[in-house]
Amino acid sequence: MLALAFTGLSGVALADGTSNASASYNFQTLDVPGSSQTIYWGINDFGELAGQYEINGGTAHAMAFRQGRFQLLDTAVLGTYFSAAGGPNDVGTTFGGYADATGIQHGFVIQGNRLSTVDFPGHLNSNVDGVNDFGAILGVYWDADGVYHGILRIGRNWDTSFDVSGARDTYPLGINDTGESVGYWDTAAGAVHGFYRDAKGRISTLDVPNSAGTVALGINDVGQVAGYYFDAAGGIHSFVESNGKFQTFDMPGAAATFATAINNLGVIAGDYLDATGHRHGMVATPKPSVHGH
């Protein structure tokens, strides 16, 4: 799961090359009861969610939301150290990362009641950021140097590492059923850019026009990409990109809005920052189109 520093409050959304779609969504706050932080990293076509939560600002733990109920994954499955979950995908697979007692991070995949730890061979830390309905695993690994590298696993032993040319870090974050993936890359100077990787492995940069930084986190099966971007004043807003066109949006009243996943119905999951600095789980559902005569 993703960790980036952020500062500032929400400013004016970009106008050049984008349109604002905030009024096109119904927004819902959905927090784990009693939590001081709720973040979603995934949503499927049935409206099931997965992410992480904190109690009283403590350690983040993985959770899922299915059939109207929260399922806390940490103590039963992943231990009591840091954990975070993405998905579920449409066949019910949940995935993510967890830390062990030494602080080393491992990826995981949960299918039904079976937990599989995913470690990419030869590397210190691993994380699983996406599993599509065909079982392809999108992940990231990093060693003692702290530099992130993308990796795609198809089958048991076919691992393909990849990096954006010229990047310091390459951090993939979402994959769809056609094998397309998205994420972010950065430079040693700290500039952050989104990227798109097609099913053949060709990578291109995906940036909100005139933004000060872009992070792409989710891609659905029709190629819509969701993520967030930084404006010139340091404000954080969310976006959806479709066929090269960007729509921006903000959770009403939020200080910052983070879109992290998008399903095939265009429903977006993520979180937002309130004025007191707390992060709340968010679901943004497109409003029905109204056609008159």
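**Exercise 1. Aromatic pairs**

Task: In this predicted model, determine how many aromatic pairs the structure holds, and classify the pairs Tyr25–Phe27 and Trp142–Tyr148.

Solution.

Step 1. The count of aromatic pairs over the structure is twelve.

Step 2. For Tyr25 and Phe27, the ring centres are 6.1 Å apart and the planes stand at 50°. Rings pair if their centres lie within 6.5 Å, and planes under 30 degrees apart are stacked while those over 60 are edge-to-face. The angle of 50° therefore makes the pair of Tyr25 and Phe27 tilted.

Step 3. For Trp142 and Tyr148, the centres are 5.2 Å apart and the planes meet at 70°, so this pair is edge-to-face.

Step 4. Trp142 and Tyr148 also belong to one aromatic cluster, together with Tyr171 and Tyr184.

**Exercise 2. Accessibility of the ring residues**

Task: Decide whether Tyr25, Trp142 and Tyr148 are buried, partly exposed or exposed.

Solution.

Step 1. The cut-offs required are under 20% relative accessible area for buried and over 50% for exposed, with partly exposed in between.

Step 2. Tyr25 has 10% relative accessibility and is therefore buried. Trp142, with a relative accessible area of 13%, is likewise buried.

Step 3. Tyr148 has 23% relative accessibility, so Tyr148 counts as partly exposed. The edge-to-face pair of Trp142 and Tyr148 thus joins a buried residue to a partly exposed one.

**Exercise 3. The nonpolar cores**

Task: State how many residues the largest nonpolar core has, and identify which strands each supply at least two of its residues.

Solution.

Step 1. The largest nonpolar core has 18 residues. Those with the most contacts inside this core are Leu173, Tyr184, Val215, Leu217, Tyr228, Ile236 and Phe258.

Step 2. At least two core residues come from each of β3 (37–43), β12 (137–142), β15 (169–175), β19 (213–219), β20 (225–230) and β23 (256–262).

Step 3. A second core, separate from the largest, has 13 residues, among them Ala226, Met251, Ala254 and Ala284.

Step 4. Tyr184 links two parts of the analysis: it is named in the largest core and is a member of the aromatic cluster.

**Exercise 4. Salt bridges**

Task: Find how many salt bridges the whole structure contains, and describe the pairs formed by Arg153, Asp198 and Asp271.

Solution.

Step 1. Side chains of opposite charge can pair when their charged atoms come close. The search of the whole structure yields four salt bridges.

Step 2. Arg153 is bridged to Asp159, with the closest N and O atoms 2.7 Å apart. Arg153 is buried at a relative accessible area of 12%, whereas Asp159 is partly exposed at 27%.

Step 3. Asp198 and Arg202 meet in a salt bridge with an N to O distance of 2.7 Å. Asp198, at 11% relative accessibility, is buried; Arg202, at 53%, is exposed.

Step 4. Asp271 is bridged to Arg279, again with the closest N and O atoms 2.7 Å apart. Asp271 is buried with a relative accessible area of 0%, and Arg279 is buried at 15%.

**Exercise 5. Charges over rings**

Task: Establish where the charged end of Arg279 sits, and over which ring Arg197 lies.

Solution.

Step 1. The charged end of Arg279 sits over the ring of Phe258, 4.2 Å from the ring centre. Arg279 also takes part in the salt bridge with Asp271, and Phe258 is listed in the largest nonpolar core.

Step 2. Arg197 lies over the face of Phe162, 4.3 Å from the ring centre.

**Exercise 6. Backbone geometry in loops**

Task: Locate the cis peptide bond, and describe the phi values of Asn56 and Gln67.

Solution.

Step 1. Most residues other than glycine have a negative phi, and most peptide bonds are trans.

Step 2. The cis peptide bond joins Gly87 and Pro88, with omega about -10°. Pro88 is in the loop between β7 (83–86) and β8 (94–99).

Step 3. Asn56 has a positive phi, near 55°. Asn56 is placed in the loop between β4 (49–54) and β5 (61–66) and is exposed, at a relative accessible area of 72%.

Step 4. Gln67 has a positive phi, near 50°. Its place is the loop between β5 and β6 (69–72), and Gln67 is exposed at 78%.

How values were computed. Residues are numbered from 1 along each chain as its sequence is written. This is a predicted model: local features need pLDDT of at least 70, side-chain atom pairs count only at pLDDT 80 or more; totals for chains, interfaces and linings use all residues. Side-chain values use heavy atoms; hydrogens and water are left out. Rings of Phe, Tyr and Trp (its six-membered ring) pair if their centres lie within 6.5 Å; planes under 30 degrees apart count as stacked, over 60 as edge-to-face and the rest as tilted. Buried means under 20% relative accessible area, exposed over 50%, partly exposed in between (1.4 Å probe, protein chains only). A charge sits over a ring if NZ of Lys or CZ of Arg is within 6 Å of the ring centre and within 35 degrees of the ring normal. A nonpolar core is a set of buried Ala, Val, Leu, Ile, Met, Phe, Trp, Tyr and Cys residues joined through side-chain atoms within 4.5 Å. Helices (H or I, at least four residues) and strands (E, at least two) are DSSP runs, numbered from the N terminus. A salt bridge is a side-chain nitrogen of Lys or Arg within 4 Å of a carboxyl oxygen of Asp or Glu.
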